[in-house]
Amino acid sequence: MSLVRFLRGAKLLGQTHLLEGETLVEHAILAGVDISTNCTSGNCGTCLVTLLEGDVSLPEPLTPGIYEELIEDGARLACIGIPSTATDIDILPPI
């Protein structure tokens with residue numbers, strides 16, 4: 001079964017089984033990991049995390065909370081990003 005893992009650097013904070021259609025924030029709650037959110041609609045960027053491995057959806061069109069340059073560095077919005085494969089997430093945004 002595929003896992004969604006949450007890390008801070010090399011430290012594993014928590015993990016849970018991949019649940020189809022659930023956002024990264026919902027997976028984080030199940031894993032006991034806190035990811036800050038504010039608007040929960042992809043507009044503020046509070047929940048910005050870094051995709052290390054896997055596939056997480058991006059909004060079409062891009063919302064104000066994320067832009068192309070950040071995406072190239074692995075940025076994803078946890079409040080609206082939905083993983084579709086085994087996924088590793090650093091809870092810190094890309095630098």
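A polar contact is a pair of N or O atoms within 3.5 Å, where one must be able to donate a hydrogen and the other to accept it. Keep that in mind for the exercises below, which use a predicted model.

**Exercise 1.** Find what surrounds the side chain of Arg 76, and which side chain of opposite charge is nearest.

*Solution.* Start with the location: Arg 76 sits in strand β4, residues 75-77. Next, look for a charged partner. Arg 76 is buried but has no salt bridge, and the nearest side chain of opposite charge, Asp 55, is 5.8 Å away. A salt bridge would need a nitrogen and a carboxyl oxygen within 4 Å. Then turn to the backbone: a polar atom of the Arg 76 side chain lies 3.4 Å from the backbone oxygen of Val 56. Finally, check the neighbours; among those that Arg 76 touches are Leu 48, Val 56, Ser 57 and Ile 71.

**Exercise 2.** Locate the one salt bridge of the structure and work out which parts it ties together.

*Solution.* The pair is Asp 88 and Arg 5, whose closest N and O atoms are 2.8 Å apart. Asp 88 belongs to strand β5 (residues 87-90) and Arg 5 to strand β1 (residues 3-8), so the bridge links parts 83 residues apart in sequence. As for accessibility, Asp 88 is buried at 15%, while Arg 5 is partly exposed at 29%.

**Exercise 3.** Explain why Cys 39 and Cys 44 are not bonded.

*Solution.* A disulfide needs two cysteine sulfur atoms within 2.5 Å. The sulfur of Cys 39 has its closest cysteine sulfur in Cys 44, at 3.6 Å, so the gap is too far for a bond. The disulfide count is therefore zero. Both residues can be placed by accessibility too: Cys 39 is partly exposed at 28%, and Cys 44 is partly exposed at 37%.

Conventions: Residues numbered from 1 in each chain as written. Predicted model: local features only at pLDDT ≥ 70, side-chain atom pairs only at ≥ 80, totals over all residues. Heavy atoms only, no water. Buried < 20%, exposed > 50% of the residue type's maximum accessible area, 1.4 Å probe, protein only. Helix = DSSP H or I, 4+ residues; strand = E, 2+ residues; numbered from the N terminus. Lys, Arg positive; Asp, Glu negative; His and termini not counted. Contact = heavy atoms within 4.5 Å. Lists of a residue's contacts leave out its neighbours within four places in sequence.
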